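Student: I would like to go through this model with you, one question at a time, and to see the reasoning behind each answer.

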Amino acid sequence: MPAQKIIIDPVTRIEGHAKITIQLAEDGQVADARFHVTQLRGFEKLCENRPFYEMPSLMARICGICPVSHLIASSKACDAILAVGIPPNGVRLRRILNLAQILQSHALSVFHLSSPDLLFGMDAPPEKRNLFGVAAASPEVAKDGIRLRQIGQQIIELLAGKRIHPAWVVPGGVSAPLTEDKRDQILAMLPDGFGAMDRTLERFRHIFFRFPEEMASFANFQSMFLGLTDGAGKLEFYDGPLRIVGSDGAVIADGLKPESYQNYLGEVAEHDSYLKSAYYRPMGYPDGVYRVGPLARLNLVTNCGTPRADHELGILRSFAGSPLVSSFHYHHARLIEMLHCLERMGELLQAPDVLDPHVRAFAQPNCEEGVGISEAPRGMLLHHYKVDKNGLIKFANLIIATGHNNLAMNRGVKQVATYFVKDGHFTEGALNRVEAVIRAFDPCLSCSTHAYGQMPMKLELQGPDGSLLDTQIRN
Amino acid sequence: MEASSTPKSATNGPGPLVIAYGSLLRQDDAMAWRAAELLPGEVIREHQLTPELVTHLQKASLVIFIDAAVDLSPGSIRLKALHPAKLQPWSHHILPEQLLTLAEQVNGEAPPAFLISGGVQDTGLSEQMTETGKKCAATMADLARRLMYGKRPFCPGSPIDDLTNVVINDNIGG
């Protein structure tokens with residue numbers, strides 16, 4: 001048979017716009033599969049010549065699901081430009097906000113985007129595989145998912161003033177302290193969250209076991225894992241040195257300083273996507289593939305540091321091993337992190353000085369360059385700015401979690417396509433699995449495509465028999 | 001429907017809920033928010049409808065959605081009774097009928113609901129509404145208030161329960 005190309009466009013139930021192409025050879029086997037991000041944003045360019053203190057609010061507009069992550073990474077880059085130490089309670093409040101962000105974003109990913117596949121199976125009819133179908137078949141699942149996302153969003157609103165694009169995180173700290181009333185309102189929500197998580201974990205633990213083929217094929221390959229650490233082997237989302245470990249769990253590099261990221265992280269513009277690929281420099285492109293996000297974070301630590309999450313992590317490791325290699329386990333990792341977020345928020349909110357009014361440091365620019373790193377729901381997020389002597393932005397570089405995962409996602413797409421598309425035959429379920437491996441990574445494509453310029457493009461002219469007649473490249 | 005002097009508040013039991021949605025940065029798309037500012041009781045203002053709103057529907061005796069519309073002549077108003085509907089699953093936005101369906105599935109029932117739509121004059125990039133949009137918002141608020149208090153809307157002789165897809169012009173007094 002002639003060579004064929006299968007195109008999945010758009011990829012459904014993800015944040016942002018993307019397509020997948022699967023190239024079949026003449027024997028009907030998968031020759032290649034690629035993930036293309038089809039949206040252009042240009043944030044790195046449009047922020048040039050803006051005052052640096054505008055950057056957190058400006059950068060938050062990259063995304064409507066994880067704006068808090070950008071607020072925090074951007075503010076930390078600005079903190080470095082100010083060269084100030086943030087008051088401890090300002091750090092604490094930023095941490096709580098970040099945890100609430102992770103909770104609501106993970107809830108969206110698990111319940112709204114991925115639960116239809118997990119509850120009904122990858123081969124279920126498309127008209128059933130959506131939140132309506134989940135609500136009709138399992139109203140309690142939908143109710144818990146909606147409530148968990150709502151709790152995260154309400155905490156963000158109580159802390160920062162509004163749920164989407166709040167302006168509360170600023171260079172130097174946060175703009176206002178926490179009141180006793182709001183603290184108590186947040187604490188009062190947590191038992192609801194724990195109840196929903198207990199029910200969810202009870203359901204989903206058994207559900208995950210129904211997918212042995214997916215566990216075997218969903219981006220299940222050796223790669224490194226990158227993320228923040230607390231220096232003591234526990235989960236860390238706000239600040240700390242970076243660590244990179246291999247798929248055997250061995251530490252490849254530790255104590256990496258965020259401000260030196262260009263020494264160990266590189267970026268490449270792909271010819272067929274607006275999403276750049278990041279790689280570990282010492283191993284070069286594309287061998288330096290690594291993963292970030294919930295799966296990676298759990299591989300970097302000994303334990304989470306909170307009792308309920310640690311118990312669940314033990315359950316996951318007991319059947320999946322350690323380190324976790326298959327990207328299918330991102331779903332379970334997300335649930336563990338949600339539980340950890342609830343526990344950790346409770347701890348931080350009960351700190352004796354959580355109501356301390358000293359939450360912000362003030363200064364003028366004292367440094368012409370700043371790098372800010374935090375853990376976003378999807379993985380490590382980096383903002384790097386350079387300013388002139390007036391504090392105007394001259395350069396901005398962002399490396400987004402989804403960009404870190406791009407090489408792994410592409411490899412995962414090809415692995416799943418090769419496993420489930422054979423002899424030129426494919427089913428709706430097979431194509432859904434190709435999409436589902438992308439969903440496992442929970443990409444945020446609006447965040448990740450921020451470069452500016454013409455889309456690098458490779459144009460291939462194929463004859464009716466599938467033969468390649470001509471190639472044009474625009475870079 | 002008997003008229004009451006005030007809408008029931010949530011603290012006294014189930015009461016009416018207003019959900020106004022639209023963008024504050026697109027001129028008359030802010031119409032719903034402007035109308036919401038003029039209303040008493042429980043009023044939710046959002047940029048768009050989201051599944052999380054279903055928890056508010058659980059406690060409501062009546063839901064009034066307010067939104068701007070581009071398929072109406074500028075300044076005109078449409079009042080439509082809504083029902084849960086099996087529509088295509090949403091992608092980047094959710095319709096009020098879909099929210100009612102979700103409420104039916106998750107809460108066991110959906111409250112009676114209406115959608116008040118106002119025809120926009122302009123939806124350019126600006127925080128300033130047009131004069132037509134401002135007047136329309138005031139009329140939409142008046143209509144919503146009548147629904148909340150159990151009074152008849154502008155159309156003479158049309159009980160609230162029978163209204164479906166009635167377009168009401170803002171030059172009709174009531």
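Student: How much area do chain B and chain A bury between them?

Tutor: Please keep in mind throughout that this is a predicted model. The size of an interface is often given as the accessible area lost when the parts come together. Of the area lost here, 63% is on carbon and sulfur atoms, and the total that chain B and chain A bury between them is about 1,400 Å².

Student: How many residues does the contact take from chain B and from chain A?

Tutor: Contact is a matter of heavy atoms within 4.5 Å. On that basis the contact takes 15 residues from chain A, and from chain B it takes 15 residues.

Student: How many salt bridges are there between chain B and chain A, and how many residue pairs are in polar contact there?

Tutor: Side chains of opposite charge can pair when their charged atoms come close. In one pair across the interface, R163(A) and E46(B) meet through their side chains at 2.6 Å, N to O. The rule for polar contacts finds 5 residue pairs across the interface of chain B and chain A, and the count of salt bridges between the two chains is 2.

Student: Which element gives the most to the side of chain B that touches chain A?

Tutor: The elements of chain B that give two or more residues to that side are α2 (54–57) and α3 (96–107). With 5 residues, the element that gives the most to the side of chain B touching chain A is α3(B).

Student: How do the residues of the side of chain B that touches chain A divide into nonpolar, polar and charged?

Tutor: In this division glycine goes with the polar residues. The residues of the side of chain B that touches chain A then come out as 2 charged, 6 polar and 7 nonpolar.

Student: Which residue of chain A forms a salt bridge with E52(B), and are the two buried or exposed?

Tutor: E52(B) is in the loop between β2 (42–46) and α2 of chain B, and its partner sits in helix α6 of chain A, so that the pair crosses between chains. The closest N and O atoms are 3.5 Å apart, which falls within the 4 Å cut-off for a salt bridge. Both residues are buried, and the partner of E52(B) is R149(A).

Student: How many residues apart in sequence are the parts that K76(A) and D239(A) tie together?

Tutor: The salt bridge between K76(A) and D239(A) has its closest N and O atoms 2.8 Å apart. K76(A) is buried at a relative accessible area of 11%, whereas D239(A), at 40%, is partly exposed. Because K76(A) lies in helix α3 (residues 67–82) of chain A and D239(A) in the loop between β6 (224–228) and β7 (242–245) of that chain, the parts tied together are 163 residues apart.

Student: In the salt bridge of R199(A) with D144(A), why does D144(A) count as buried?

Tutor: The closest N and O atoms of R199(A) and D144(A) are 2.8 Å apart, and the pair links helix α7 (residues 180–208) to helix α6 (residues 139–160) of chain A, 55 residues apart. R199(A) counts as partly exposed at 40% relative accessibility. Buried means under 20% relative accessible area, and D144(A) counts as buried because its relative accessibility is 4%.

Student: How far apart are the end C-alpha atoms of helix α14 of chain A?

Tutor: Helix α14 (residues 406–420) of chain A has 15 residues, and at 1.5 Å a residue it should span 21 Å. Its buried residues include N406(A), M409(A), V413(A) and F420(A). The end C-alpha atoms of α14(A) agree with the expected span, being apart by 21 Å.

Student: Which residue in the loop between α8 (212–217) and β6 of chain A has a positive phi?

Tutor: Most residues other than glycine have a negative phi, and most peptide bonds are trans. The residue in the loop between α8 (212–217) and β6 of chain A has a phi of about 45° although it is not a glycine. Its relative accessible area is 0%, so it is buried, and the residue is A219(A).

Student: Where is P323(A), which follows a cis peptide bond from S322(A)?

Tutor: The peptide bond from S322(A) to P323(A) has omega near 0° and is cis. The place of P323(A) is in chain A, in the loop between α11 (307–320) and α12 (330–349).

Methods. Residues are numbered from 1 along each chain as its sequence is written. Chains are lettered from A and ligands numbered from 1 in the order in which they are written. This is a predicted model: local features need pLDDT of at least 70, side-chain atom pairs count only at pLDDT 80 or more; totals for chains, interfaces and linings use all residues. Side-chain values use heavy atoms; hydrogens and water are left out. Buried area is the accessible area (1.4 Å probe) that two parts lose on being put together, summed over both. A polar contact is a pair of N or O atoms within 3.5 Å; within protein, one must be able to donate a hydrogen and the other to accept it, and residues adjacent in sequence count only if both atoms are side-chain atoms. Helices (H or I, at least four residues) and strands (E, at least two) are DSSP runs, numbered from the N terminus. The expected span of a helix is 1.5 Å times one less than its number of residues. Buried means under 20% relative accessible area, exposed over 50%, partly exposed in between (1.4 Å probe, protein chains only).
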